[in-house]
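Student: Could you take me through one part of this protein slowly, and then show me how that part sits in the whole? I'm new to reading structures, so a connected story would help a lot.

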Amino acid sequence: MTKLGTALEVGPQGLGCMGMSQSYGKTDDTESIATVHRALELGVTLLDTADVYGSGANEELVGRAIADRRDQVVLATKFALADPDRRPRGDAGYVRQACEASLRRLGIDHIDLYYQHRVDPTVPIEETVGAMAELVTEGKVRFLGLSEASADSIRRAHAVHPITALQSEWSLWTRDIEEVIVPTCVELGIGIVPFSPLGRGFLTGQVTSTAGFDADDARHNMPRFAEENFDRNLAIVEALKALAAERGVTAGQLALAWVHHQGDHVVPIPGTKRIKYLEENVAATNLTLSADDLRSIEAAAPAAAGDRYPPEMMRLSNK
């Protein structure tokens with residue numbers, strides 16, 4: 001088991017559930033629920049969702065999946081982006097409203113880890129976290145987290161109530177949190193939960209073009225998958241695949257193992273809706289990398305070409 005913050009114990013790898021309901025093509029609730037159940041069998045206890053995923057449908061799906069096995073799950077969900085215009089909200093009244101709605105959709109009486117999905121730049125973080133802390137006092141939430149927050153926001157939030165985890169994008173080709181945000185979390189004893197540790201599937205080596213994506217696949221709008229950046233990023237993956245082949249593993253497993261080796265306080269949440277890929281991802285927790293291995297992997301994977309989000313979404317990050 002791994003500890004986030006000072007007291008929240010989880011398995012070494014979590015499961016991101018977003019893609020079961022949106023962003024990555026066709027969905028299949030039956031297969032998704034089977035994937036959640038297999039994850040629990042494999043010791044993946046941290047399940048991650050949000051009220052905005054599928055406009056609430058993902059929370060409902062996760063709720064159905066865990067209905068008869070709630071005691072096996074560390075359930076994380078997020079609020080702040082569920083308004084129709086996706087404007088971050090952090091006012092105290094909205095925090096409570098969002099939590100009550102998530103509890104209903106999930107069919108549970110408490111949330112284990114409750115994140116603010118994005119910091120609301122119009123509301124002091126102290127107000128937001130103060131309202132979240134009230135939910136802890138009432139037993140509706142156990143631990144608090146932030147997502148894509150700046151070091152300043154993290155410090156100010158932590159001064160109001162202990163922050164257990166920061167969720168932020170972190171992978172071989174998204175490393176901007178390493179300079180300031182990661183050291184801040186280490187200093188304060190805050191765990192880090194990297195989302196998209198496989199670069200939205202690119203680092204698995206399975207994506208060779210966007211032609212096979214469904215029309216509504218969100219990656220069509222992401223700069224790193226755009227034509228002007230695609231080939232440069234594909235070269236990174238080819239180099240990673242060569243290193244992985246030397247070890248008899250997949251590129252995705254090597255990329256995930258790199259994330260795992262960033263510290264004992266790091267619990268990545270690769271997302272998948274299929275048992276096959278879940279099992280591949282979990283196997284990465286058994287890979288041991290030396291310092292030389294890590295240097296070779298990093299040399300093979302320089303900075304990705306293109307931003308990770310379109311401009312309007314980039315503006316919401318690290319506030």
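**A close look at helix H8**

Tutor: Happy to! Let's begin with what lies around helix H8: the cover over its buried residues includes strand E9, helix H7 (227–247), helix H9 (275–283) and helix H10 (291–300). Please keep in mind that this is a predicted model.

Helix H8 itself takes in residues 251–260, and ten of the ten are buried, so the helix is largely enclosed by the rest of the structure. You can go along it by name: Ala251, Gly252, Gln253, Leu254 and Ala255 are buried, and so are Leu256, Ala257, Trp258, Val259 and His260. To count as buried, a residue must have under 20% relative accessible area. While you have the helix in view, here is a general point to try out on the screen. An α-helix has 3.6 residues a turn, so residues three or four places apart point the same way.

Now follow one of the covering elements, E9, outwards. Strand E9 belongs to an open sheet of seven strands, with parallel pairing and the order E3-E4-E5-E6-E7-E8-E9. The edge strands of this sheet are E3 (15–16) and E9 (191–195), each of which pairs on one side only.

Beside E9 in the sheet order comes E8. Seven of the seven residues of strand E8 (residues 163–169) are buried, so this strand, too, is largely enclosed by the rest of the structure. Strand E7 (residues 141–147) runs parallel to E8, and four bridges join the two. To see one of these pairings, find Gly145, whose bridge partner in E8 is Ala165. Further along the sheet, strand E4 (residues 46–48) and strand E5 (residues 74–79) also run parallel, joined by three bridges. There, Asp48 stands opposite Ala76 in E5.

The loops that follow these strands hold two residues worth a stop. Glu148 is in the loop between E7 and helix H5 (151–160). Its phi is positive, about 55°, although Glu148 is not a glycine. With a relative accessible area of 0%, Glu148 counts as buried. Arg200 is placed in the loop between E9 and H7, the helix that is among the elements covering H8. Arg200 is another residue other than glycine with a positive phi, near 55°, and Arg200 is buried, with a relative accessible area of 10%.

For a buried residue in another helix, try Ser32, which lies in helix H1 (residues 29–41). Its relative accessible area is 1%, so Ser32 is buried. Setting aside neighbours within four places in sequence, Ser32 is in contact with Met20, Leu61 and Lys273.

Finally, step back to the whole chain. The protein chain has eleven helices and nine strands, and 56% of its 319 residues count as buried. Its radius of gyration is 18 Å, which agrees with the value near 20 Å for a compact globule of 319 residues. Along the principal axes, the C-alpha trace spans about 55 × 40 × 40 Å. Of the contacts between residues at least 6 apart in sequence, 76% join residues at least 24 apart. On the outside, the chain exposes about 13100 Å², with carbon and sulfur atoms supplying 49% of that area. As for charge, there are 32 positive and 45 negative charges, and their mean positions are 1 Å apart.

How values were computed. Residues are numbered from 1 along each chain as its sequence is written. This is a predicted model: local features need pLDDT of at least 70, side-chain atom pairs count only at pLDDT 80 or more; totals for chains, interfaces and linings use all residues. Side-chain values use heavy atoms; hydrogens and water are left out. The radius of gyration is taken over C-alpha atoms; the globule rule is 2.2 Å times the number of residues to the power 0.38. Buried means under 20% relative accessible area, exposed over 50%, partly exposed in between (1.4 Å probe, protein chains only). Contact means heavy atoms within 4.5 Å. Accessible areas come from the Shrake-Rupley method with a 1.4 Å probe; for residues, only the protein chains shown count as cover. Lys and Arg count as positive and Asp and Glu as negative; His and the chain ends are not counted. The place of a charge is taken as NZ of Lys, CZ of Arg, CG of Asp or CD of Glu. Two strands pair if DSSP finds at least two bridges between them.
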